[in-house]
Amino acid sequence: MTTTSTTLDEPKPPKAPRDKAKYRSALSWSVAMVGGQQFLTAAVAFLLAAILGPDAFGTVAMASVYILFMQMLLQQAIPAIVQRKDLDPEHLDSAFWLVMGFTLVITAVSVALAGPWAAANRTPDLQPIIIALSLQVPLQGLVVVQEALLRRHMDFRSLAIRSLVAAAAGGVIGLVLAFMDAGSWALVGQQLGNSIIGAAVLWKVSDWRPHLRFSKAHAKDLAGFSLGAALASLAAFVNVRSDALLIGLFFGAYAVGLYRLASRFTEIFVDFLSRSMQQVAFPELSRLQGDPVAFARRERDIMKQASLMTLPALGILAGCADQLLRLFGPEWAPASHALQLLCIVAGVRALSLISSASLQAIGRPHVLATLSWIAAALSAGALVAAGLLLRDASISDQVVAMAASRAVVYVVVITPAYLYVIDRYCLLPVRRMLSAVGGPALVGLAAAGTGYLWTSTGIDESWPPLVAVIVA
């Protein structure tokens with residue numbers, strides 16, 4: 001972290017209440033954006049899961065992971081634009097044309113590899129689905145710079161409008177196709193509709209337009225930070241998404257469907273409550289990168305807010321896991337224990353998202369990348385070990401073992417590693433971090449324990465929603 005000295009002749013910058021008001025407004029819109037998007041897409045996904053069943057749901061989940069990897073690579077221009085202090089118009093134009101050129105390459109690669117990937121997963125239906133979903137890649141490339149500028153200026157209101165309109169439109173398309181017996185293509189239609197409408201709305205709400213110019217020097221300015229951010233994001237992607245990939249390779253689409261529904265529940269909470277804060281924390285902390293004391297104080301405040309919003313909610317989710325999955329039908333029951341274990345993983349992920357924003361804000365993406373790759377390698381290794389050991393086990397045991405291997409890695413390795421790195425680079429002592437998250441963590445454990453006690457009484461057998469109400 002760089003520091004600046006203030007002489008007697010230099011007046012200290014006055015406190016700006018407008019900055020705090022802007023932060024609160026940005027956070028409110030970020031929560032509305034992520035929460036609304038998650039509610040709409042998850043509600044549709046859950047309805048489609050109940051209609052289509054684990055097989056179709058798992059097939060599209062396997063294809064989606066493949067496409068999400070491609071899209072993740074495009075997103076790496078965003079952190080460089082948000083974090084950079086001095087930004088010229090040439091930076092933006094160069095970033096846009098570089099991204100669009102990259103989209104053409106990876107879209108072609110995606111289409112070419114669709115067949116081999118489908119064969120590797122022993123699922124022929126994957127190939128046409130991957131080819132169709134590949135259209136999301138150029139659509140994402142069209143809006144990368146506009147999205148980065150809106151995040152830089154903390155204009156989450158415009159981003160929220162885009163996300164909510166796109167999610168609603170995609171949901172309608174998906175449900176219509178499902179009732180027309182389109183099968184897996186209902187989920188494909190939902191995702192493509194979301195991407196197309198989202199790109200159109202973002203071009204409407206953003207006033208930035210690309211010019212026909214490209215500067216190697218300005219592209220190089222962004223490339224250094226983007227490379228570190230890309231390595232970190234790639235590791236995070238492998239860490240978070242390798243489970244679906246490896247489960248598909250070891251156990252097939254049915255197991256992927258069970259696991260993905262369970263993980264989808266936890267992702268809703270993490271995205272809604274913590275990722276929405278991460279999106280605002282990154283530009284907010286970037287503004288304070290020259291003041292280590294203010295940076296550490298603000299980081300602790302944000303981490304405390306994130307833990308208060310996330311950990312108790314995850315405890316409630318763990319306590320209600322059995323009852324929630326029963327609502328989808330008996331075929332989803334094997335995922336209940338996996339959901340409880342994934343709540344532990346989600347709690348660690350929620351706080352690591354804030355830590356990731358901190359490391360990027362102080363210009364340490366390569367430290368984040370190193371930490372993320374270590375975590376990804378250990379996590380993938382644990383998943384492979386579980387997959388090899390449980391090839392002949394029941395579907396329930398396979399799904400639970402995958403979730404358990406991930407929980408062990410997150411608790412034993414990832415948590416201590418993040419604590420050390422934030423203490424070392426962000427000047428926030430472990431003791432102060434733990435004091436910020438300790439209370440909410442205990443509340444979450446109490447909620448999970450309450451759910452377990454009520455489930456053990458057998459009351460939930462007659463009316464499962466009762467336990468969910470009591471735990472909440």
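Start by selecting Glu-147 and Arg-162, which form a salt bridge whose closest N and O atoms are 3.7 Å apart. A salt bridge here is a side-chain nitrogen of Lys or Arg within 4 Å of a carboxyl oxygen of Asp or Glu. Glu-147 sits in helix H7 (residues 144–152) and Arg-162 in helix H8 (residues 156–179), so the pair ties together parts that are 15 residues apart in sequence. Helices (H or I, at least four residues) and strands (E, at least two) are DSSP runs, numbered from the N terminus.

Before moving on, keep in mind that this is a predicted model, in which local features need pLDDT of at least 70, side-chain atom pairs count only at pLDDT 80 or more, and totals for chains, interfaces and linings use all residues. Residues are numbered from 1 along each chain as its sequence is written, and side-chain values use heavy atoms, with hydrogens and water left out.

Are the two partners buried or exposed? Glu-147 counts as buried at 6% relative accessibility, and Arg-162 counts as buried at 13%. Buried means under 20% relative accessible area, exposed means over 50%, and partly exposed is in between (1.4 Å probe, protein chains only).

**Next stop: the other salt bridges**

The structure holds five salt bridges. Select Glu-90 and Arg-213, whose side chains meet in one of them at 4.0 Å, N to O. Glu-90 is in helix H4 (residues 89–120), while Arg-213 is in the loop between helix H9 (184–205) and helix H10 (216–251), so this pair ties together parts that are 123 residues apart in sequence. Glu-90 is partly exposed at 28% relative accessibility, and Arg-213 is partly exposed at 34%. Add Asp-93 to the selection: Glu-90, Asp-93 and Arg-213 are linked in a network of salt bridges.

Now go to Arg-298 and Glu-284, where the side chains meet in a salt bridge of 3.1 Å, N to O. This pair links distant parts of the chain, with Arg-298 in helix H12 and Glu-284 in helix H11 (residues 253–286), 14 residues apart. Both Arg-298 and Glu-284 are buried.

**Into the nonpolar core**

Which residues touch the most other members of the largest nonpolar core? Select Leu-261, Phe-265, Leu-339 and Met-402, which do so among its 90 residues. A nonpolar core is a set of buried Ala, Val, Leu, Ile, Met, Phe, Trp, Tyr and Cys residues joined through side-chain atoms within 4.5 Å. H11 gives the largest share of this core, 14 residues.

Centre the view on Leu-339. Leaving aside its neighbours within four places in sequence, Leu-339 is in contact (heavy atoms within 4.5 Å) with Ala-262, Phe-265, Thr-266, Leu-317, Ala-321 and Leu-325. A second, separate core of 16 residues includes Val-60, Ala-63, Ile-130 and Val-188.

**Two residues along H11**

Thr-266 is placed in helix H11 and is buried, with a relative accessible area of 6%. Not counting residues up to four places away in sequence, Thr-266 touches Leu-317, Leu-339, Leu-342, Cys-343 and Ala-346.

Arg-275 is also found in helix H11, and is partly exposed at 27% relative accessible area. Try a C-alpha to C-alpha distance from Arg-275 to Ala-306: the two are 8.9 Å apart in space and 31 residues apart in sequence.

**The second largest pocket**

Select Leu-311, Ile-344, Gly-347, Val-348 and Ala-441, which lie nearest the centre of the second largest pocket among its 24 lining residues. The elements that give two or more residues to the lining are helix H12 (292–319), helix H14 (336–361), helix H16 (395–425) and helix H17 (430–457). By class, the lining has 18 nonpolar, six polar and no charged residues. Ala, Val, Leu, Ile, Met, Phe, Trp, Tyr, Cys and Pro count as nonpolar, Asp, Glu, Lys and Arg as charged, and the others, Gly among them, as polar.

On a 1 Å grid over the protein atoms alone, a pocket is an open set of points where a 1.4 Å probe fits, with protein on both sides within 12 Å along at least five of seven lines; lining residues have an atom within 4 Å of a point.

**Last stop: two loop residues**

Most residues other than glycine have a negative phi. Select Met-154, in the loop between H7 and H8: its phi is near 55°, a positive value, and Met-154 is buried at 13% relative accessible area. Finish at Asp-181, in the loop between H8 and H9, where phi is near 60°, again positive. Asp-181 is exposed, with a relative accessible area of 71%.
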